[in-house]
Amino acid sequence: MKRFLSILVCGVVLAGCGASPLPPLALAKRVDLQRFMGDWHVIASIPSFIEKGAHNAVESYRLAADGTIETTFTFRANGFDGPPKRYTPRGFVLDRDSNAVWGMQFVWPIKADYRIVYLSPDYSRTVIGREARDYVWIMARSPTIPEAEYQALVGLLRAQGYDVSLLRKVPQRWT
């Protein structure tokens, strides 16, 4: 499993190396880490290969005593009744002025690029991106958001240089 995760993270890191230069992503101006903690339902993403077919995807954050972010990513693989999957990377805040730039570590010593591109004032919606524009996650505190809000976030990503045709909605069904 560690070898698999090492290959995954190396692929993600190297994917951005040959990309054409794009302007830096616009970021959330200031993230209150305490308010950001908790559960976020993944509404849509340009998924990494481990997320393809994810259902009921939820990313959970908890601020650790050492200032790192304990992260738990859970989902059902390939259907609502599919096998549960769980990953536990650790987040490291790299920009303490904004708290919007993190390194996400699945395996030591690699910290993948992780940026809070958008955060609604009430902390109910967020968009997590990467400078390489290869992966992105639209997330909310609830399992669904109104279509107009979703389309506004897609527009934001388009304006940031993402190929939004690669976005996939994540099926969410909670009973």
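Half of this protein is out of sight: buried residues make up 50% of its 175 residues. Keep in mind that this is a predicted model. I'll take confidence first, then the fold, then the core, then two single residues.

So how far does the confidence go? The mean pLDDT is 89. Of the residues, 88% reach 70 or more. The weak spot is residues 1-19, where the pLDDT is below 50. That stretch still has 21 contacts in the model beyond near neighbours in sequence. Where pLDDT is low, the predicted coordinates should not be read in detail. Please treat those contacts with that in mind.

Now the fold. We have three helices and ten strands. Read along the sequence, the order is α-α-β-β-β-β-β-β-β-β-β-α-β. Next, contacts between residues at least 6 apart in sequence. Of these, 55% join residues at least 24 apart. As for the outside, the accessible surface is about 9100 Å². Carbon and sulfur atoms account for 56% of that surface.

Let's look at strand 2. It covers residues 54-63. Eight of its ten residues are buried, so "mostly covered" is a fair label by the under 20% cut-off. Which strands does it pair with? On one side of the story is strand 1, antiparallel to strand 2 over four bridges. In that pairing, His41 has Val58 of strand 2 as its bridge partner. Then there is strand 3, also antiparallel, joined to strand 2 by eight bridges. There, His55 is bridged to Arg76 in strand 3. Strand 2 and strand 3 form a hairpin with five residues between the strands. Within this hairpin, Gly67 takes a positive phi near 90°.

On to the core. In soluble globular proteins, nonpolar side chains tend to be buried together. Here, the largest nonpolar core has 29 residues. Which members touch the most other members? They are Val31, Phe36, Tyr61, Trp102, Ile116, Leu119 and Met139. Two or more residues each come from helix 2, strand 1, strand 2, strand 3, strand 6, strand 7 and strand 9. Strand 3 gives the most, with four residues. A second, separate core has 17 residues, including Ile43, Ala44, Ile145 and Leu167.

Met139 is worth clicking on. Leave aside its neighbours within four places in sequence. Its contacts then include Trp40, His41, Val42 and Ile43. Glu59 and Tyr61 are also among them. So are Tyr114, Ser124, Arg125, Thr126 and Ile128.

Now two polar residues. First, Ser45, which is found in strand 1. Is Ser45 buried or exposed? Buried, because its relative accessibility is 3%. What does Ser45 contact, apart from neighbours within four places in sequence? Glu51, Val136 and Trp137, and then Leu166, Leu167, Arg168 and Val170.

Second, Asp134. Where is Asp134? In the loop between strand 8 (125-129) and strand 9 (136-140). Its relative accessibility is 18%, so Asp134 counts as buried too. The cut-off is under 20%. What does the side chain of Asp134 make a polar contact with? The side chain of Arg130, at 2.7 Å.

To recap, then. The largest nonpolar core holds 29 residues, and strand 3 is its top contributor. Ser45 and Asp134 are both buried. And residues 1-19 have pLDDT below 50. That's everything from me.

Methods. Residues numbered from 1 in each chain as written. Predicted model: local features only at pLDDT ≥ 70, side-chain atom pairs only at ≥ 80, totals over all residues. Heavy atoms only, no water. Buried < 20%, exposed > 50% of the residue type's maximum accessible area, 1.4 Å probe, protein only. Polar contact = N/O pair within 3.5 Å; in protein donor to acceptor, adjacent residues only side chain to side chain. Core = buried A, V, L, I, M, F, W, Y, C linked by side-chain atoms within 4.5 Å. Contact = heavy atoms within 4.5 Å. Areas by Shrake-Rupley, 256 points an atom, 1.4 Å probe, with all protein chains shown as cover. pLDDT = per-residue confidence, 0-100. Pairing = 2+ DSSP bridges.
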